[in-house]
Amino acid sequence: NGILRGYTISYKAQGDSTLLTTFVTNANVRLTSLKPYTVYTITVMARTKVDGTPSDQVNISTAQDVPGPAQNLRVLQKTLSTITLTWQPPLMPNGVITQYQLAWGSSLTSYMNAQFVVVSGLNVFTTYTFNITAWTVVGPGQSTAVQATTALIPNVTGVSVTPLNATTVRVSWIRIDIPSDGTIVGYNVFYTPYNNKNRQLSGISQFIIGDITQGVINDLIPLQLYQFSVAAVVSVAGQNYSGMLPLSGKNMVIYNPASTTTDISSVVLASSLIAELIGILLVVVVVVLVVLLVRRKWLKWKSKLQISGSSKRNDLAREDTVLCTNFSYAMAESQVNEQPAETIYQECHFIPMAETCLSNTNQIGNVVIANSQADTVVYEETNAIGETHFNNSAT
């Protein structure tokens, strides 16, 4: 029906509405860029000046290839030693999926056509990276990764301390809830003493056996501050794991065995009050010392003023200073006529070449005693009957 010019090849993937065509001049052709493991419908039509009639359809499948990555890999559940994973098949399997390989750490496990797996034998509170890879007969495809951490042993809460005596206390706490793959074998009670500067010393621990909620701590030091904390010990797959201790004051009690105070805030408040009292006492001491020093200075200054005033009232030629004090008082009856008498007492102190004068006057007569710090001492006595003089000299 004419001169054959070539062939028009039409093809499309099964389930796809897009029809692809290509024109070739040879009776042998390679179709490329096809999808792996996909059924194509192909027709061929010879062409002269006009198009001929299409051939019958031929269905043919492409070969398998490595698969695409698994989809939606995620963690369903975590316990102390297990992690449950699930995923979906690749969007482009590119063949028949023969297996999925799951790798974590140095472990590698294959699962046939599984999309759900429980990974066991893991360590408590440990982070793992899981990689899942789909396989076909051609080989593995691209892997998908997810990170997950096993469960943590819960912190012990409700820690309290009850004094029994000066060296013994009872520590109590609330029982923890743990996953089914763990068993509580006991509790570690940690107690740390403080020095006089509220600094932690080396800690001590005591293991309380059993799934109980209290324990007795002995051999404490009287009048010593302690910090208590509790951690559960859990057995998982035959291996014991200890829970985490609090990192701050939460669930910690500072206790003095010789008292009944169990609240850390009370201890801190008492320490603050003592510090404030000590500060106030120091201020008072300093103020008293300053007052005493000022008073001493003032007395010295006053004495100098009095001495200076007395010196001006004395003989201008005298270079010594004098300080005098007068006293008046009633004396007893006279020994001569048994009459009341009045005595005026004058005492003078001269500095530095002091002269002391003592004069007594009554109705009988006059008595004068003169003493000087020079080398001579004179004593005179006069009465109403007669006159007697006593002169004493000392060289």
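**Figure 1. A nonpolar patch on the surface of the helix region.** A nonpolar patch is a group of residues that each have over 30% relative accessible area and no salt bridge, with nonpolar side chains joined within 5 Å. In this predicted model, L277, I280, L281, V284, V285, V288, L289 and L292 make such a patch. The patch covers about 760 Å². Where does L292 sit? L292 belongs to helix α1, which takes in residues 264-313.

**Figure 2. The protein chain as a whole.** Before moving on to the next close-ups, it helps to step back for a moment. How many helices and strands does the protein chain have? The count is one helix and 25 strands. The protein chain has 395 residues, and 30% of them count as buried; a residue is called buried when its relative accessible area is under 20%. The accessible surface of the protein chain is about 25500 Å², and carbon and sulfur atoms supply 55% of that surface. Among contacts in the protein chain with a separation of 6 or more, 52% are between residues 24 or more positions apart.

**Figure 3. An open sheet of four strands.** Follow the strands across this sheet and you meet them in the order β2-β1-β3-β4, with antiparallel pairing. Which strands form the edges? They are β2 (20-24) and β4 (58-61), and each of these pairs on one side only. From one strand to the next, the twist averages 30°. Now look at β1 (residues 6-13) and β3 (residues 39-47): eight bridges pair them in the antiparallel sense. To find one of these pairings yourself, start at T8, whose bridge partner in β3 is M45.

**Figure 4. Strand β10 and two of its partners.** Strand β10 covers residues 127-135 and pairs with β7 (residues 99-104) in the antiparallel sense, over six bridges. Which residue of β10 is the bridge partner of L102? That partner is I132. Strand β10 is also joined to β11 (residues 144-149), again by six bridges, and these two strands run antiparallel. Here Y128 makes a handy landmark, standing opposite A148 in β11.

**Figure 5. An open sheet of three strands.** This sheet has the order β12-β13-β16, and its pairing is antiparallel. Why is one side of β12 and of β16 left without a neighbour in the sheet? Both β12 (157-165) and β16 (214-217) stand at the edges with a single partner strand each, so one side of each stays without a neighbour. The average twist from one strand to the next is 20°. Strand β13 (residues 168-174) and β16 run antiparallel and are joined by four bridges. Within this part of the view, V171 stands opposite G215 in β16.

**Figure 6. The salt bridge between R47 and D51.** The structure holds three salt bridges, and this view shows the one in which the side chains of R47 and D51 meet. The N to O distance is 3.2 Å. Are these two residues buried or exposed? The answer lies in between: R47 is partly exposed, with a relative accessible area of 36%, and D51 is also partly exposed, at 46% relative accessibility.

**Figure 7. A network of salt bridges around R175.** Which residues take part in this network? Salt bridges link R175, D177 and D211. In the salt bridge of R175 with D177, the closest N and O atoms are 3.9 Å apart. That distance counts as a salt bridge because the cut-off allows a side-chain nitrogen of Lys or Arg within 4 Å of a carboxyl oxygen of Asp or Glu. For D211 and R175, the closest N and O atoms are 2.8 Å apart. What does the pair of D211 and R175 tie together? D211 lies in the loop between β15 (204-209) and β16, while R175 lies in the loop between β13 and β14 (183-193), so the pair ties together parts that are 36 residues apart in sequence. Which residues of the network count as exposed or partly exposed? D177, at 65% relative accessibility, counts as exposed. R175 counts as partly exposed at 41%, and D211 counts as partly exposed at 37%.

Technical notes. Residues are numbered from 1 along each chain as its sequence is written. This is a predicted model: local features need pLDDT of at least 70, side-chain atom pairs count only at pLDDT 80 or more; totals for chains, interfaces and linings use all residues. Side-chain values use heavy atoms; hydrogens and water are left out. Patches are made of residues with over 30% relative accessible area and no salt bridge: like charges are joined within 9 Å, nonpolar side chains (Val, Leu, Ile, Met, Phe, Trp, Tyr) within 5 Å. Accessible areas come from the Shrake-Rupley method with a 1.4 Å probe; for residues, only the protein chains shown count as cover. Two strands pair if DSSP finds at least two bridges between them. Axes are lines fitted to C-alpha atoms, for helices over the stretch in contact, and angles run from 0 to 180 degrees between N-to-C directions. Buried means under 20% relative accessible area, exposed over 50%, partly exposed in between (1.4 Å probe, protein chains only). Contact means heavy atoms within 4.5 Å.
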